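Colleague: Before I use these coordinates, I would like to go through the terms attached to them. Please give the reasoning behind each one.

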Protein chains: 2
Amino acid sequence: MSYQALHAHFKRIADLDHALSILSWDEAVMMPAGSGVVRAEAMATLAGMVHELTAAPETGELAEAAAASNLDAWQKANVSRIASDWRKARAVPADLVVALSKARSACEQAWRPARGTNDWNAVVDKLESVVRLTRERAAALADVLDCEPYDALLDEYQPGLTRAEIEPVFTELEAVLPNLVDLALARQEPAVVPTGPFPVERQEALAKALMAEIGFDFDCGRLDVSHHPFCGGALGDTRITTRYNRDDFLESMFGALHETGHAMYQQGLPVEWRGQPVGDAGGMALHESQSLLMEMQVCRGAPFLEFAAPIIQRTLLGAETSAPEWQPENLLRLASRVERGFIRVDADELTYPLHVILRYRLETALLDGRLDVADVPDAWNEAMTASMGLSTEGNFRDGCMQDVHWFAGLIGYFPSYTLGAVMAAQIFRAARESIPNLDEAIQQGHFGILFDWLRQHVHGRGSLEPAGELLVAVTGTGLDTSAFLDHLRTRYAA
Amino acid sequence: MSYQALHAHFKRIADLDHALSILSWDEAVMMPAGSGVVRAEAMATLAGMVHELTAAPETGELAEAAAASNLDAWQKANVSRIASDWRKARAVPADLVVALSKARSACEQAWRPARGTNDWNAVVDKLESVVRLTRERAAALADVLDCEPYDALLDEYQPGLTRAEIEPVFTELEAVLPNLVDLALARQEPAVVPTGPFPVERQEALAKALMAEIGFDFDCGRLDVSHHPFCGGALGDTRITTRYNRDDFLESMFGALHETGHAMYQQGLPVEWRGQPVGDAGGMALHESQSLLMEMQVCRGAPFLEFAAPIIQRTLLGAETSAPEWQPENLLRLASRVERGFIRVDADELTYPLHVILRYRLETALLDGRLDVADVPDAWNEAMTASMGLSTEGNFRDGCMQDVHWFAGLIGYFPSYTLGAVMAAQIFRAARESIPNLDEAIQQGHFGILFDWLRQHVHGRGSLEPAGELLVAVTGTGLDTSAFLDHLRTRYAA
């Protein structure tokens, strides 16, 4: 009985989360600019309600009573997730939750126009509020979880992840990647860039055609446009975005394919556990492993580009062509081009981890109190100059203002990208070992075989076990850079 | 103190209503078809929360305590609205609220595709559920309000309105209009129909250009497309829709202008009372009076069409023209064309009340239990044959399935349209008497003078007084058909 009551209680929370997810998508994709204030107020109220319901004393009582009853493995995992969410929710006072929600909305809304006008002054105070309130929140959580404040933030995005696990991975990548980048730059063959402009409608048609081939369920999902591509919407209503550059169709195409990886995970979560914590995705690093498995392991590889080339030609040009720039070999060179640059989301997979590690170093310093928000632009410039040889002095829009994350309060999120890349390589190696002729299947556009395997081993398991255990079950080991570095050496330095 | 607590309590309710409004807009405009079930569940949960918060015992206690304290006129009206909402909310059990919300969503979602395929069987059971639950709800409300069940439903859309007030108005219109229609048909001059097709993008540009001229605030609002045009969104985020017919630009243009009338009212409500019941619009008949004042009194009149003709020409044709079909006199003939037809939303203002009265007669019969849902198509056919000489036998899509209202559970709403038309004529006559040279101002595109007057006398007053009192204050009388019939005789039979 207490289990059923707990289940119903969390269904209410899930329905509020549904509303918050759609409001958040709407804010980024549809909302008129002047409506930000009323939207921020409404979202803060709903976030406060989610918090109240999660932190309510009866949640803990029901969870304790349910834990003592006879449950199956899924129910047991659900109760354990709920008990942990309850402890964390009670750690943070309700007014801090509301204040942080408002500060995040205000800061993100200020950032949207300010990025375009390179106006750091327009966001610095708001970002200071977000960081200050996030530090308060992290301290409160760390008290209850008995961990470091930054680990408490990591735990929100990837449950159980710690700075101690990240450090050796990032230290190894920092040591290995710069040489690998030099090698790749020296060896890469010239590619021919197809000449645009490519009308947005055709790029959109291309993205939708490839998404449909891969298996994205358009009956329960959409593709739209936003400043920063994301996979959002609610369970059962998956909404991804991309952005269009008229001169470079690969940007929107790979953007959409990346988000399609996230979307396939979301659409593959166990329907019978929808609305319960155990039915949620197993963390953001694991989520990112699915987008990067799609984008980096599959779509930027030769078999996929063999399959996609005629679709690309027909959709963008109206007919197939033998022009050299449109052939799979050239597209592969374009898709695996390495270049040191300013922008994380435009980075290739070889330099990408260096962008992430820079952000990780700065955000841990912000959290530790070793860095002030006012000094972020200088620290950014110094780190970019050191790791990439690129100065961002005075260039905030291509420096510390390029990503929405900090402005939206997502501190502790960045490591997920690179841990996801590492896990993607591990999981894809396991898939290749399990599925005969996987490359041929991809080349023929038979993606079902890969997604059946992923649904069985990853997507359909929701949060049944921690991501670390899932990784061991699927790949035989925990977090391990060898598959990722093998993949990078094969693709870029062979 | 109790007043402040009450104020804060209703702000929470308003924030949930914000979420519900945006979810509802999204459902009609953006949501993928397969996501209807999860959306219906989430909206039912939020509607249940609004109901719980409104009906909570402390709401009544706070309202009672607040009523005894020292309040200004707005606060007093707010408390009185709240006390009345509280009584009504407690009249209906929470499970009935949730069951009705689910039944309405399911029925509306079934109706969307079924209308296109003329499939009455696909909706009849769902509509029966909606009607059955609505009758239960009306009976529960009527008990508390000590009135007839149908009056309890009217009260939800136009507080205080009764069937006793409607009957003489509708009986008079039923007696006068058929002859007036015959007279108009005999006298109307032939009009030249501009030849399409008119691309959707140009029609959209035209609608937006005219909306901007009128004063719609695009910084806090949007124009989109839906099956059935509506004005929705939330306070501070006004979203209207229209629909495009490539062969007839007047349909989307007047659709958008009609919704712009609603939108100007919504955008003109008192900002300082936003989120409190007293800050809401004064009822749906009053709301409709503002859309019809815009569409029928202003935009389908000669001065507006003089102003709009060059904008229409430039936007649709790329340049101004002297071709006769594009001149104001011809556009006026097209805009005031009378024709007996099947579809309410396509009807001219002369036959429109006959469509409304038909629906009023049927829905009161459904509520009274004198008519079964299964017999609605036959009753519709009989009534249409009698009033318009048109048979809808077997033609559900152009008959009883043409409107979303009943399928969305909006029973008691239809009278608002015609009462709104009557009030629009009364209010516009008062505006003309107060504002010197109003016709010239409209002809020159100076709409500010009209909206300043409307903001002062109607929009900015929110729900400070009942609509009946407001009407007396603005026009000197209560509901009165003389201005409406004078207007119709002048425009159609002079």
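Modeller: What follows takes up confidence, the contact between the chains, their symmetry and some backbone details.

Colleague: What makes chain A of this model fit to be read in detail?

Modeller: This is a predicted model. For chain A the mean pLDDT is 96, and 100% of its residues reach 70 or more. Local features need a pLDDT of at least 70, a level that 100% of the residues of chain A reach. For the model, ipTM is 0.89 and pTM is 0.90.

Colleague: Why is the pair Lys11(A) and Glu41(B) called a salt bridge?

Modeller: The N to O distance between the two side chains is 3.0 Å. The cut-off is 4 Å, from a side-chain nitrogen of Lys or Arg to a carboxyl oxygen of Asp or Glu. The pair Lys11(A) and Glu41(B) therefore counts as a salt bridge. Between chain B and chain A the count is 8 salt bridges.

Colleague: How many residue pairs are in polar contact between chain B and chain A?

Modeller: There are 18 such pairs, with both residues at pLDDT 80 or more. On chain B, the side that touches chain A draws at least two residues from each of helix H1 (2-29), helix H2 (36-55), strand S1 (221-225) and strand S3 (237-242). H1(B) gives the most, with 10 residues. Sorted by class, that side of chain B has 17 nonpolar, 6 polar and 12 charged residues.

Colleague: What is the extent of the contact as a whole?

Modeller: Chain B and chain A each put 35 residues into the contact. The area buried between them is about 2700 Å², and carbon and sulfur atoms give 58% of that area.

Colleague: How do you know that the two copies are related as by a two-fold rotation axis?

Modeller: A turn of 180 degrees with a shift of 0.0 Å along the axis lays chain B on chain A, at an RMSD of 0.0 Å. The two copies are thus related as by a two-fold rotation axis. In chain B, the residue closest to that axis is Ala19(B), with its C-alpha at 3.2 Å. Both copies use the same surface, since 100% of the contact residues of chain B recur in chain A.

Colleague: What makes the peptide bond from Gly196(A) to Pro197(A) cis?

Modeller: Its omega is near 0 degrees. Pro197(A) sits in the loop between helix H8 (163-187) and helix H9 (200-214) of chain A. In chain B, the bond from Gly196(B) to Pro197(B) is also cis, with omega near 0 degrees. Pro197(B) is in the loop between helix H8 (163-187) and helix H9 (200-214) of chain B.

Colleague: What is notable about phi of Asn437(A)?

Modeller: Phi of Asn437(A) is near 55 degrees, a positive value in a residue other than glycine. Asn437(A) is located in the loop between helix H16 (415-434) and helix H17 (438-443) of chain A.

Conventions: Residues are numbered from 1 along each chain as its sequence is written. Chains are lettered from A and ligands numbered from 1 in the order in which they are written. Side-chain values use heavy atoms; hydrogens and water are left out. Contact means heavy atoms within 4.5 Å. Buried area is the accessible area (1.4 Å probe) that two parts lose on being put together, summed over both. A polar contact is a pair of N or O atoms within 3.5 Å; within protein, one must be able to donate a hydrogen and the other to accept it, and residues adjacent in sequence count only if both atoms are side-chain atoms. Helices (H or I, at least four residues) and strands (E, at least two) are DSSP runs, numbered from the N terminus. Ala, Val, Leu, Ile, Met, Phe, Trp, Tyr, Cys and Pro count as nonpolar, Asp, Glu, Lys and Arg as charged, and the others, Gly among them, as polar. Copies are superposed by least squares on the C-alpha atoms of residues with pLDDT of at least 70 in both. pLDDT is the predictor's confidence in each residue, from 0 to 100.
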